[in-house]
Amino acid sequence: MATPEDQPLDVAAGRFLDWLDQAVTAAGRGDGLERLDVDPGATFWLGRLASEEEVQNSVLGDRGERLDPCAIGMRLRPTGAGPWSMDVTVQMRAWLRDPPGGAADPRGPWVRSDEVAVTLPVKVEPTESTVEGRRRLTQALRDVGADGLSAEVRVDVEERDGVLELVVQLVNTSPEQHPVLKDTHLYETVLQVRGLDTTPFELEQLPDSFRYDRRIPAYGINVGIALLDETPQGFRTTDTVTVTTYRPTFWNSSRPEPDLRFSVLAEDCLPPMRALVAALREYDEEHWSDQTLETRAGVSGWTAETIAEAREAAHEVLAELSRLETGLQLLEQDAQLRRAFQLMNNAIELSANGRGYDRWRPFQIGFLLQTIGCLIDSNHDADVVDTVWFATGGGKTETYLGLLVTAALHDRITGKSSGLTAWSRFPLRLLSLQQTQRFADALAGAELVRRRAGIRGAPISLGFLVGKGGTPNKIVPQATDDDPDPDSPGMPDRYQVLLHCPFCRGDLNMRFDRRFWRLAHECPNERCPWPERSLPVYVVDQEVFRFLPTVVLGTLDKAASLGLQAAMRGLVGPPLGICSEPGHGYCYAPRSARPNGCLVPDCTGQRRELPMPRSRYAATLRLQDELHLLRDSLGAVDSHYESLLDHLQGDLQGPPSKVIASSATLTGYQRQVEVLYRRHGRVFPQPGPRTGESFWTRPSVQPLRRFVAVAPRGVTLEHVTDRTVDVMQKSVRRLVTEPAEVCAEAGIDPAHASALLGLYGTDVIYGSTLYDVEAAERSLSSNSTVEGPLNSVQLTGQTDFDDVRQILDELEKPQDDFFQRIHVVAASSMLSHGVDVSRLNVMVMLGLPLGTAEFIQTSARVGRRYPGLVHVLHKIGRERDAQVFRQFGAFVTQGDRFIEPIPITRRSRRVLRLTLPGIVEARRLALQEPRAVNQRLTTVRALRDFVRDNGISAASEAQVIAAALGFEGPVDELLRDEIRIWLGGYFTNMQDPALASKLSPDVLPDRPMISLRDVEASAPIHD
């Protein structure tokens, strides 16, 4: 018997996945079953054909044909003018009811017939269709006891765009009702075609491109198509469409891969960097030269448009090479930048310790080289948004963490002793706890390195800014219904954000520190390298404003607080001062309850001058994760707030922040970036000369994911979901009860049984809507037939924060007893971003997600380290699902080309009406009030006096705001009118004597948004 060394775990995992997939398919078709206690028509969802008469009588029309078809087949494009000859083989079975009093086992009233297998020679004339085999197929069914069933093979000749095509189908011609037979379906149906020379189709949905092969050998009709290894090529129908993707390798050069270990780059980064750039230069010269492109054009018959596309791509690739060469030169010439970069490698080495990797992937270093210039010159490519564009699971988060840590250390080295280095924003409502932990670990490594290197400044720290959905906005001495009670014993534990100590990986405690008015994460480990009691992590909004952590990590929605909270000024520019009381932090706008502007309740300290130049408080970087999710109304609203951020930061004399983004799915990103940020868009790395291949990556022979497209027939999607998960759980549980037998069946070493149980024992059910998720979990719990408990949990936007943390912890650290573990995770789009659990390797999708990008992101949650299995249950009655099923192979392998362009605009009057209140209030809170000498602009009277004394009018404000939003062109006149009209109402209200004693926000015609997602609701303003 093979030893584990002879058969690596990934090989065993691949074989086990094959076995598991086959078990589900067999259950769907009825393979191997001889008897049934229940109606087969209500049991099987694959391989079955309804009678043609039943389909014709259906009121659902074409949709009914897809839901329970009467035919399967294939569309072929024959070579030559015809006539054409071929052999067509039909395989099928029937399920028969035992006659009353029969000798069969009374517990099994349904009996499966023997297989019918008939090969028909078929000759087709170009001018007519033909019907073959009805008599032979009907007789063959009669011979296996299914007298009364019938079938035939139809071959239709159709012309499309002047080209003749053959449609070969097996049709169930049995009657809908039969006086003896209780079920007139055919089962386990297969159609094969041999002996026909064919020409491939070209995928019509996608444009021609020099990178992609659009050829498709044949199209299936209600089925998938597999190629037979024959000459001429043969075809076989399949009940599912299976596509395997392969794990990428991250070096594609004839040169040796440079040593990119963190430890090596920390000592001397220049030799490996030079080797990397030299290899890239050689690759580009080989694959992108004019001669290479001309040769490919001649071999492949490129059109003039395709040649032009290839040359433009070559220009972009060579420009990318030039940027990397520039980045290398900067590292060579700037000692401070090089020191920060090398110390960053020390920090990442610390944070990666024990996680199974000790080096960079080449593309990650390439991105750092391209963008690193922004750290020494804030105007370096400031008008460009650089987006890390790489497959999910490839290491995008670690890539921009490397840039972020380099920036933090460079800030400290060059004298930025405090304040934000980066504001990183995620578009989901619930920020991933795993993403937060990754940030914390990297920054903890940076802080340890900073201390050891003797670099001055405040600790490198993390702020968590998500608001009441996850953590408190503030903590007050006398709690109200909206704020947590500082005296409640259980209060601190509810807001634990980190999964473990980022310095030592130990467990954490939560405590509310009344002395410094802090909700603190604390590490009880006496040997933890962090020397203080409270970790440098801030999870209360007001604590973030008080301490201005090095990196603020939050949800996109919180940008709306610019128009609600005066202390948000600290995220775009300098605070107003710093409190004299130790541990109180920065001060902002004074109020009656806080006369010195300190946010600590009842503070009696004094406001002192800032400890560093005001221009250094602006964030060096703004990071936007999952850029593709900024679309529709969310993207439109955010575009105005992005302009507001730029406007406030510029007005406060701060340098522009470099905008960095990441995404695994982008189409039309240039326009999206222009709308969102009024900057140019650029992706890294540039796509290679062929799909799936570039200097930075190429596919290996190791399977990554197996996608199985399923078009359920004749039963509900809920039934298929229940049965699929049921079969998977029963199969996996056999590893507990009979491991030797399972391993023998799957061809794997029994030594791997326990590991495979951990890798494939938890199934994910993914639904695009909350309704789908909840319904699937209810149905599964009611209809499961597995022995023992079936423990399920939900991960959706409605899942409580504490529950999310506990679920992730249980998934990462499962119980020793399999039957106490989580077996099913029912999840919505919350799972799609930032959740990285290596034990999630099996997924069942309830219908195609609403967008291709979501399909790519969601399916990437499985198979992160070992082969993954994704069963996509198409809602085949829907046109989109049916179309994708027809071309599922191309949909998976060329998925980026199917991604819909991002629908987004900033020129919406409706959106402008939503954002104007927040923009006006943000200017009052962040700019105007701090300039009002010894005056708080909290009342209408004070605000009215300020605008009068400073010569501010509706017209002047309208001009400033229009310029800030970029509405200065001739096409923007209606938008400028909207601004002028709204501000006219605002200034009119301001002059109303009846409002003089009221609060400043009372003159607003509309209230500011509390969240960028709130397109209707308004919220009170808290100064």
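Let us begin at a small meeting of strands: S1 and strand S5 (residues 110–112) run antiparallel and are joined by two bridges. Across this pairing, Arg35 stands opposite Val111 in S5. Both strands belong to an open sheet of three strands with antiparallel pairing, in the order S1-S5-S4. Strand S1 (35–36) and strand S4 (95–97) are at the edges and have a single partner strand each, so one side of each is left without a neighbour in the sheet.

Please keep in mind that this is a predicted model. The average pLDDT of the protein is 91, and 96% of the residues score at least 70. Residues 1016–1023 are a stretch to read with that in mind: pLDDT stays under 50 there, and the model has 24 contacts for them beyond four places in sequence.

**An enclosed strand**

Now turn to strand S35 (residues 868–873). Six of its six residues are buried, so the strand is largely enclosed by the rest of the structure. Gly868, Val870 and Val872 point one way from S35, while Leu869, His871 and Leu873 point the other way, and all are buried.

Which strands pair with S35? Strand S30 (residues 698–710) runs parallel to S35 and is joined to it by six bridges. In this pairing, Arg706 has Leu869 of S35 as its bridge partner. Strand S34 (residues 842–846) also runs parallel to S35, with five bridges between them. Here Leu846 has Leu873 of S35 as its bridge partner.

**Nonpolar cores**

The largest nonpolar core has 146 residues, and Ile365 and Phe888 are those with the most contacts inside it. What does Ile365 touch, leaving aside its neighbours within four places in sequence? Ile365 is in contact with Leu260, Leu265, Met273, Leu276, Phe341 and Trp360. There is also a second, separate core of 76 residues, which includes Val572, Leu914, Ala932 and Met1009.

**Aromatic rings**

A pair of aromatic rings is described by the distance of the centres and the angle of the planes. In this model the count comes to 28 aromatic pairs. One of them is formed by Phe262 and Trp360, which are edge-to-face, at 5.3 Å centre to centre and with 85 degrees between the planes. The pair links distant parts of the chain, 98 residues apart: Phe262 is in helix H5 (residues 262–267), and Trp360 is in the loop between helix H9 (335–352) and helix H10 (362–371). Phe262 and Trp360 are both buried. Trp360 is also among the contacts of Ile365.

Another pair is made by Tyr400 and Phe439, whose ring centres are 6.2 Å apart and whose planes are at 50 degrees, so the pair is tilted. Tyr400 lies in helix H11 (residues 396–413) and Phe439 in helix H12 (residues 433–453), so the pair ties together parts that are 39 residues apart in sequence. Are these two residues buried or exposed? Tyr400 counts as buried, at 2% relative accessibility, and Phe439 counts as buried too, at 0%.

Rings also gather in a group: Trp251, Tyr283, Phe367, Phe684, Phe695 and Trp696 form one aromatic cluster. In other places an arginine lies over the face of a ring. Arg425 does this with Trp423, at 5.3 Å from the ring centre, and Arg886 does so with Tyr219, at 3.9 Å from the ring centre.

**Backbone details**

The backbone has some details worth finding in the loops. The table gives two cis peptide bonds.

| Peptide bond | Omega | Place of the proline |
|---|---|---|
| Gly82 to Pro83, cis | near 5 degrees | Pro83: loop between strand S2 (71–76) and strand S3 (84–93) |
| Phe684 to Pro685, cis | near -5 degrees | Pro685: loop between strand S29 (680–684) and S30 |

Phe684, from the second row, is also a member of the aromatic cluster.

Where does Gln653 lie? Gln653 is in the loop between helix H14 (632–651) and strand S28 (658–663). Although not a glycine, Gln653 has a positive phi of about 65 degrees. At 67% relative accessibility, Gln653 counts as exposed.

Arg678 is found in the loop between helix H15 (669–677) and S29. Its phi is near 55 degrees, a positive value in a residue other than glycine. With 42% relative accessibility, Arg678 counts as partly exposed.

Definitions and conventions: Residues are numbered from 1 along each chain as its sequence is written. This is a predicted model: local features need pLDDT of at least 70, side-chain atom pairs count only at pLDDT 80 or more; totals for chains, interfaces and linings use all residues. Side-chain values use heavy atoms; hydrogens and water are left out. Two strands pair if DSSP finds at least two bridges between them. Helices (H or I, at least four residues) and strands (E, at least two) are DSSP runs, numbered from the N terminus. Rings of Phe, Tyr and Trp (its six-membered ring) pair if their centres lie within 6.5 Å; planes under 30 degrees apart count as stacked, over 60 as edge-to-face and the rest as tilted. Buried means under 20% relative accessible area, exposed over 50%, partly exposed in between (1.4 Å probe, protein chains only). A charge sits over a ring if NZ of Lys or CZ of Arg is within 6 Å of the ring centre and within 35 degrees of the ring normal. pLDDT is the predictor's confidence in each residue, from 0 to 100. Contact means heavy atoms within 4.5 Å. A nonpolar core is a set of buried Ala, Val, Leu, Ile, Met, Phe, Trp, Tyr and Cys residues joined through side-chain atoms within 4.5 Å.
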